[in-house]
Amino acid sequence: MGHLTGKPNRPDWPAAWSAVRDRLRRELGDPVFEAWIGPLSLESSDRDELKIGATKPFVRNWVANHYVARIERAFRAEGAEPVSLSIVMAATSPSIGGNAREPAELAASNVSYLPPRAEIREDDSAKGLWTRMLHPQQTFDSFIPGRANEFGHGAARAFAEGQQSDIPLLYIHGGFGFGKTHLLNAAALEFRKRGKRTLFLRAEDFMRHFLGALYRKDTLAFKEELRTAEVLIIDDLQHICRSTATASEFLYTVNAFADLRRRVVIAADRAPQALEGLGADVKSRLAGGLCIALDKPDRDTRLLIVRARAAEFTRHKPEVVLPEMVLERIADLDDASPRELIGVFTKLATYADLTKKPVTLETAEEAVGLRSSPGAKTSIEDIQRKTAEFYKLEVKDFHSPQRARRVARPRQVAMYLSRKLTSRSLPEIGRRFGGRDHTTVLHACRRIEALIVEDPLFRQEVDFLSQMLQRRGEL
């Protein structure tokens, strides 16, 4: 538009920003506009690289994650397209007109828009998709490569480091416990280290948020929140296959990221062509990326995995050292996934820690013999009973309204394990814990997930309980 033209071939950015604000007020309505767009100001337009200022960190993060795409679209509609657009902390109080200033005047703390950090606590429920906490120990360096997975490990690392810049999509598939989630977490850490806005979702999170937006008739907000990411990582894609509408939206998302030359990393339990419930168009898109398989590790790799876990355990518990012959016996389990190997080791090491008894080869044989067969069932009642015994409580404490820490934390652990080890829904789990609401169960699960990341000793407790419940007997 002519009225937005300043210098030759360069928009009049203050005028463009004023027009964009008017447009967004009409599109969003006064309440939303005044809450999120009204406090913003045009901080800088040097070299047509716009910096939009916010006076509060939470406003900056929320706008960056929900409204950047809409603001960019509004600029284009007004005939002015910036080279880049960032949401920063304002150097001074905003003015409605938004007079631009030079970069030298900006506060040194200004940053480009990034996904919400784990330490931001203003309103956890408002973070939407950006709630997953990464596991700091699940890096590429801590992943144990062997003949069965060294290609997958190397390909994922090269992809995250930008060495495969011409390939927009990486697809990793393999059995449960083979290390897919570890590689995805490592890739997310690497992307974020390189300054990429990285969104890490489970397929069921993608599906839940999309269906919720569909129910609220607000799918545009869902799409915009996704599009603020530069890298999209999705785990357990096979679960999306249960919903046709979600599968279609997933394809639109992957195509949009490809068009924007952004990157996508996906993991599933099988190759693209074997995914049930997905159309040929989705399978073709997935197979067109870099598709790699993770296989079951050989014995040498299994022994390396167990030794690495033993070294980590001993760092936290120096008095617990399992003999090499015990580690080798665990590694002999050629039908076990890496996750199962770690489970057997954790059970033996925790036994040694709690009983102060040495772990012999006979003890290891007994633990190996108690491994559960696939499909073994664990009930909520079993979980409540074993968790109560472990924390020296009674099962009735989990049903009571008590909120004392000595009861509340074990109750949260039992809820977390009930969700992890059974197929029961959140409302059903809540009913089994004294008629609690499903949101209470969800909060408990998220709290335990966070503590597992933050506290290695607590993670050992939960791992021990989990492994004990999945075995047919006890040491």
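**Entry 1, the sheet.** I began with the strand order in this predicted model, and I found five strands forming an open sheet in the order β5-β6-β7-β4-β8, with parallel pairing. I then looked at the edges: β5 (198–202) and β8 (290–294) each have a single partner strand, so one side of each is left without a neighbour in the sheet. For the turn between neighbouring strands of this sheet, direction ignored, I noted an average of 15°.

**Entry 2, pairing of β6 with β7.** I followed strand β6 (residues 231–235) to strand β7 (residues 263–268) and counted four bridges in the parallel sense. Taking Ile233 as the point of reference, I found Val265 as its bridge partner in β7.

**Entry 3, helix on the sheet.** I next looked up helix α5 (residues 150–160), which packs on the sheet and touches β4 (169–174), β7 and β8. The direction of α5 makes about 140° with that of β8.

**Entry 4, strand β4.** I checked how β4 is joined to its partners, and I recorded five bridges in the parallel sense with β7 and five bridges, again parallel, with β8. Leu170 serves as a marker on both sides, since I see it opposite Val265 in β7, while its bridge partner in β8 is Leu290.

Is β4 buried or exposed on its two faces? I found Leu169, Tyr171 and His173 buried on one side, and Leu170, Ile172 and Gly174 buried on the other, so that both faces are covered. This split follows from the general rule that in a regular strand the side chains alternate between the two faces of the sheet. Counted along the strand, six of the six residues of β4 are buried.

**Entry 5, helices α8 and α9.** I turned to helix α8 (residues 219–227) and helix α9 (residues 244–259), whose axes come within 11 Å and cross at roughly 40°. Because of that angle I put α8 down as oblique to α9, and I noted the crossing as right-handed. On the α8 side I listed Phe222, Lys223, Leu226 and Arg227 as making the contact, and on the α9 side Glu249, Tyr252, Thr253, Ala256 and Phe257. Sorted by class, I have five nonpolar, one polar and three charged residues in this contact.

**Entry 6, the whole chain.** I closed with the totals: the protein chain has 20 helices and eight strands, and 51% of its 475 residues count as buried. Among contacts between residues at least 6 apart in sequence, I noted that 74% join residues at least 24 apart.

Terms used: Residues numbered from 1 in each chain as written. Predicted model: local features only at pLDDT ≥ 70, side-chain atom pairs only at ≥ 80, totals over all residues. Heavy atoms only, no water. Axes fitted to C-alpha atoms, helices over the stretch in contact; angles between N-to-C directions. Parallel < 35°, antiparallel > 145°, perpendicular 65-115°, else oblique. Left-handed = near helix turned anticlockwise from the far one by under 90°. Contact = heavy atoms within 4.5 Å. Nonpolar A, V, L, I, M, F, W, Y, C, P; charged D, E, K, R; others polar. Pairing = 2+ DSSP bridges. Buried < 20%, exposed > 50% of the residue type's maximum accessible area, 1.4 Å probe, protein only.
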